[in-house]
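Thanks for coming. I will put the chain up on the screen and walk through a few places in it.

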Amino acid sequence: MSEQPLRGWFAIGAEAISKEVNFGNLMRTAHAFGAAYLFLVDPATTLRQAGRTDTSRAHLSLPVFRHRSPEELALPHGAKLVGVELTDDAVPLPSFRHPSAAAYVFGPERASLSPAMLARCDHVVRIPTRFCVNLAIAAAIVMYDRQLTLGRFGERPVMPGGPVQAPAPHVHGGVVLRRARTAGASGG
């Protein structure tokens, strides 16, 4: 099976995560979906035993950045912070357009993203479930949705189990010339 190219990049993070098993699963899943890096904000544990569930050994491929608070969270230039939370005003994930450069942050087990973290978010999305799901499962759902919407895949068949169509080949557009406007130049 060939890997489908995606546009842009993404990072996966968690605020106040406390369970090492969840962090190991999060690392493995982020690695599988091609995350650029992982980040933690105010982790509630050292997470030293996370490798027990990270069988892909993601720690050898993905950097993990730690931040003490939402205010100290540093993102690369142009990245949008996307909080994933079950709030009334959050955008349902199936209706959300993923930013090309995004850092997704998930709340801790048995709690929600802090008000300070929600204030930092450029967007807040929710997975349309009746109640919260496991942290690593929620991250996998978001990463899968990102891959579906930003990846290049063939159209789904009309009939169940129908033939698979390859995606249309990418076509590059023509050359675009941009000229700097000079002082006194008239707009047209």
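Start with Phe131. Is Phe131 buried or exposed? Its relative accessible area is 59%, and the cut-off for exposed is over 50%, so Phe131 is exposed. You will find Phe131 in the loop between strand 7 and helix 3. Leu86 is 45 residues away along the chain, yet the C-alpha atoms of Phe131 and Leu86 are separated by 8.0 Å. Please keep in mind that this is a predicted model.

Now Asn134. The loop that holds Asn134 runs between strand 7, residues 123-126, and helix 3, residues 135-150. Asn134 has 35% relative accessibility; partly exposed covers the range between 20% and 50%, so Asn134 counts as partly exposed. Its C-alpha atom is 9.3 Å from that of Arg110, and the two residues are 24 apart in sequence.

Next, the cysteines. How many disulfides does a search of the whole structure find? The search finds 0. Two cysteines are worth pointing at anyway. Cys121 has 13% relative accessibility, and buried means under 20%, so Cys121 counts as buried. Cys132 has 52% relative accessibility, so by the cut-off of over 50% Cys132 counts as exposed.

Cys132 also brings us to a pocket. The second largest pocket has a volume of about 300 Å³. Which of its 19 lining residues are the closest to its centre? They are Val84, Cys132, Val133, Leu135 and Ala138. By type, the lining divides into 11 nonpolar residues, 4 polar ones and 4 charged ones.

Let me step back to the whole chain. It has 3 helices and 7 strands. What pattern do they follow, read along the sequence? The pattern is β-α-β-β-β-β-β-α-β-α. The chain has 188 residues, and 35% of them count as buried. About 12,100 Å² of the chain is exposed, and carbon and sulfur atoms supply 54% of that area. As for contacts, take those between residues at least 6 apart in sequence: 80% of them join residues at least 24 apart.

Two strand residues can serve as examples, with neighbours within four places in sequence left aside in both cases. The first example is Ala102, which lies in strand 6, residues 101-106. Ala102 has a relative accessible area of 0%, and the limit for buried is under 20%, so Ala102 is buried. What is Ala102 in contact with, leaving aside its neighbours within four places in sequence? The list is Trp9, Phe10, Ala11, Lys80, Val82 and Arg146. Gly78 is 24 residues from Ala102 in sequence, and their C-alpha atoms are 8.6 Å apart in space.

The other example is Phe65, found in strand 3. Here the relative accessible area is 41%, which falls between 20% and 50%, so Phe65 is partly exposed. With neighbours within four places in sequence set aside, Phe65 is in contact with Tyr37, Leu38, Phe39 and Leu40. The C-alpha atom of Phe65 is separated by 9.0 Å from that of Gly13, a residue 52 places away along the chain.

Last, the backbone. Which sign does phi have in Ala16? Phi of Ala16 is near 55 degrees, a positive value, and Ala16 is a residue other than glycine. Ala16 is placed in the loop between strand 1, residues 9-15, and helix 1, residues 20-33. Its relative accessible area is 24%, which is not under 20%, so Ala16 is partly exposed rather than buried.

Asp42 is not a glycine either, and Asp42 has a positive phi of about 50 degrees. The loop in question lies between strand 2, residues 37-41, and strand 3, residues 64-67. Asp42 has a relative accessible area of 43% and is therefore partly exposed, as that value sits between 20% and 50%.

To go back over the loop we began with: Phe131 is exposed, Cys132 counts as exposed, and Asn134 counts as partly exposed. That is the end of the tour.

Terms used
Residues numbered from 1 in each chain as written. Predicted model: local features only at pLDDT ≥ 70, side-chain atom pairs only at ≥ 80, totals over all residues. Heavy atoms only, no water. Buried < 20%, exposed > 50% of the residue type's maximum accessible area, 1.4 Å probe, protein only. Contact = heavy atoms within 4.5 Å. Areas by Shrake-Rupley, 256 points an atom, 1.4 Å probe, with all protein chains shown as cover. Disulfide = S-S within 2.5 Å. 1 Å grid on protein atoms, 1.4 Å probe; cavity = no way out; pocket = protein on both sides within 12 Å on 5 of 7 lines; lining within 4 Å. Points joined across faces, edges and corners; volume = space filled by probe spheres on them. Nonpolar A, V, L, I, M, F, W, Y, C, P; charged D, E, K, R; others polar.
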